[in-house]
Amino acid sequence: MIPALSLILACQLAGEILSRAMQLPLPGPVLGMIFLLLLMSVSGKVQQIVRPTAQFVLQHLSLLFVPAGVGIVAHLGALREHGVGLAVALVISTMLAIVVGATVFVAVAKLTRSNVDD
């Protein structure tokens with residue numbers, strides 16, 4: 001487990017260093033995941049090292065939500081005060097994201113279909 005976690009964290013660190021050094025708009029952990037994906041697609045040995053640890057982490061993923069739950073409980077006063085506004089913002093932003101995603105999908109589908117027909 002230690003070699004796999006070391007590899008995952010090394011990829012994240014490399015992504016963070018690259019992101020900050022080049023002032024990229026992409027977060028370091030995302031770049032790290034891309035690096036890890038590239039390593040795993042090139043080397044079967046990396047897949048064998050990472051797979052058991054990744055499966056273990058995924059099986060216990062719910063534990064990662066505990067800090068968020070504690071944060072909500074710690075700020076119940078603010079949630080009581082601004083809860084309605086937060087709920088409205090969450091619903092509206094979710095609906096907007098769905099509408100924008102569907103619109104982009106339809107536009108790309110039309111462009112793709114028109115290019116195929118030509």
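Which residues in α3 are buried? The legends below take up this question and a few others, using a predicted model.

**View 1. The buried residues of helix α3 and their cover.** V46, V50 and T53 are the answer to the opening question: they are buried in α3. Look around them and you will meet other helices, as the cover over the buried residues of α3 includes α1 (2-21) and α2 (28-42).

**View 2. Helix α3 from end to end.** This helix runs over residues 44-59, 16 residues in total. At 1.5 Å a residue it should span 22 Å, and its end C-alpha atoms are indeed 22 Å apart, so expectation and model agree. Along the way, α3 bends by about 35° at V50. A proline, P52, follows within four residues of that bend.

**View 3. The N-terminal cap of α3.** Here S43 caps the N-terminal end of the helix. To find the contact, start from a side-chain oxygen of S43 and go 3.3 Å to the backbone nitrogen of K45.

**View 4. A salt bridge in helix α1.** How many salt bridges does the count come to? The count comes to one, and the partners shown here are R20 and E16. Their closest N and O atoms are 2.8 Å apart. Side chains of opposite charge can pair when their charged atoms come close. R20 and E16 are four residues apart in α1, so about one helical turn separates them. Residues three or four places apart in an α-helix point the same way, because there are 3.6 residues a turn. R20 is exposed, with a relative accessible area of 63%, whereas E16 is partly exposed, at 24%.

Terms used
Residues numbered from 1 in each chain as written. Predicted model: local features only at pLDDT ≥ 70, side-chain atom pairs only at ≥ 80, totals over all residues. Heavy atoms only, no water. Helix = DSSP H or I, 4+ residues; strand = E, 2+ residues; numbered from the N terminus. Expected span 1.5 Å × (residues − 1). Bend = angle between axes of the 7 residues up to and from the residue. Buried < 20%, exposed > 50% of the residue type's maximum accessible area, 1.4 Å probe, protein only. Contact = heavy atoms within 4.5 Å. Polar contact = N/O pair within 3.5 Å; in protein donor to acceptor, adjacent residues only side chain to side chain. Salt bridge = Lys/Arg side-chain N within 4 Å of Asp/Glu carboxyl O.
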